[in-house]
Amino acid sequence: MNQHYFIAGTGAGVGKSYVINALLRSCQASGVKAAGFKPITCGDRTEVRNMREAMKEPTLSLELLNPVYLRAATDPLMAADLERKSIDVEEICRAWAELTAAYELVLTEGVYGWLTPIAPGLTMADVAKRMGSPVILVADNSHGAAGQVALTYQAIQAAGLECAGVILNHASEEWDTAAVTNADLIERTTGLPILASLIQGDELDCSCLD
């Protein structure tokens, strides 16, 4: 495969971690050497441990998979301020370079939304720009998804990055008209392909990245 992606979300709680872990499990089953990368974590490292489990590499360093860990469950800039720390983008890039040298596919998870502040004058978009990987956008398959995708896509384009497509994640137990029509609406209005549309609990085939 020999490709790396930045997994961005239209906001917090849209299912980025779920999507990455599902892709990692599929890669394992397909014989693709893949890694997840979560540059910044705020609150706890449960999602990082889950990612490592999906990779089936229980001894891999958490510090490599997640170089910046902040204990306060808030946005990175404020969490760092509370701990009197500063987020070092160079440290993040060094860990990412180590992973991309060792794995065919690295899936980097953004923090919350595309423009989440991480330091004075810096956002997650700046981290994505340093990596230069194509972006996959994860959106909650609910009312307003098309507008959220369009807005984030504009910001991705403004950063000079490619958006490879959208993964719609349906977290609700019920389907409504918006959930049924979002995929068509997003494709028609943005031109972005829908790489997958899934319900929480579904598995995801890594062939959607081909």
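## Strands and their pairing

Two strands count as paired here if DSSP finds at least two bridges between them. With that in hand, take β1 (residues 5–9) and β5 (residues 105–113) in this predicted model: they run parallel and are joined by 4 bridges. One residue to click on is Y5, whose bridge partner in β5 is L107.

That pair belongs to an open sheet of 6 strands, with parallel pairing and the order β2-β5-β1-β8-β9-β10. At the edges sit β2 (34–37) and β10 (194–199), each of which pairs on one side only. On average, neighbouring strands of the sheet are turned by 20° against each other, if you ignore direction.

## Helices across the sheet

Helix α1 covers residues 16–30 and lies across β1, β2, β5, β8 (135–140), β9 (163–170) and β10. Its direction is at about 170° to β5.

Helix α2 (residues 46–55) lies across β2 and β5. Here the angle is given against β2, and α2 runs at about 175° to that strand.

## The largest pocket

Now for the empty space. The largest pocket comes out at a volume of about 300 Å³. Its lining has 18 residues, and the ones closest to the pocket centre are S17, K38, E47, E109 and Y112. If you're setting up a view, those five make a handy selection.

Which elements give two or more residues to the lining? They are α1, β3 (40–42) and β5. Of these, β5 gives the most, with 4 residues, so to speak of β5 is to speak of a strand that pairs with β1 and also lines the pocket. By class, the lining splits into 7 nonpolar, 6 polar and 5 charged residues.

## The chain overall

Stepping back, the secondary structure of the chain comes to 8 helices and 10 strands. Along its principal axes, the C-alpha trace spans about 45 × 40 × 35 Å.

How does the radius of gyration of the chain fit with that of a compact globule? For 210 residues, such a globule would have a value near 17 Å, and the chain has 16 Å, so the two agree.

Conventions: Residues are numbered from 1 along each chain as its sequence is written. This is a predicted model: local features need pLDDT of at least 70, side-chain atom pairs count only at pLDDT 80 or more; totals for chains, interfaces and linings use all residues. Side-chain values use heavy atoms; hydrogens and water are left out. Axes are lines fitted to C-alpha atoms, for helices over the stretch in contact, and angles run from 0 to 180 degrees between N-to-C directions. Contact means heavy atoms within 4.5 Å. On a 1 Å grid over the protein atoms alone, a cavity is a set of points where a 1.4 Å probe fits but cannot get out, and a pocket is an open set with protein on both sides within 12 Å along at least five of seven lines; lining residues have an atom within 4 Å of a point. Grid points are joined across faces, edges and corners, and a volume is the space filled by probe spheres set on the points. Ala, Val, Leu, Ile, Met, Phe, Trp, Tyr, Cys and Pro count as nonpolar, Asp, Glu, Lys and Arg as charged, and the others, Gly among them, as polar. The radius of gyration is taken over C-alpha atoms; the globule rule is 2.2 Å times the number of residues to the power 0.38.
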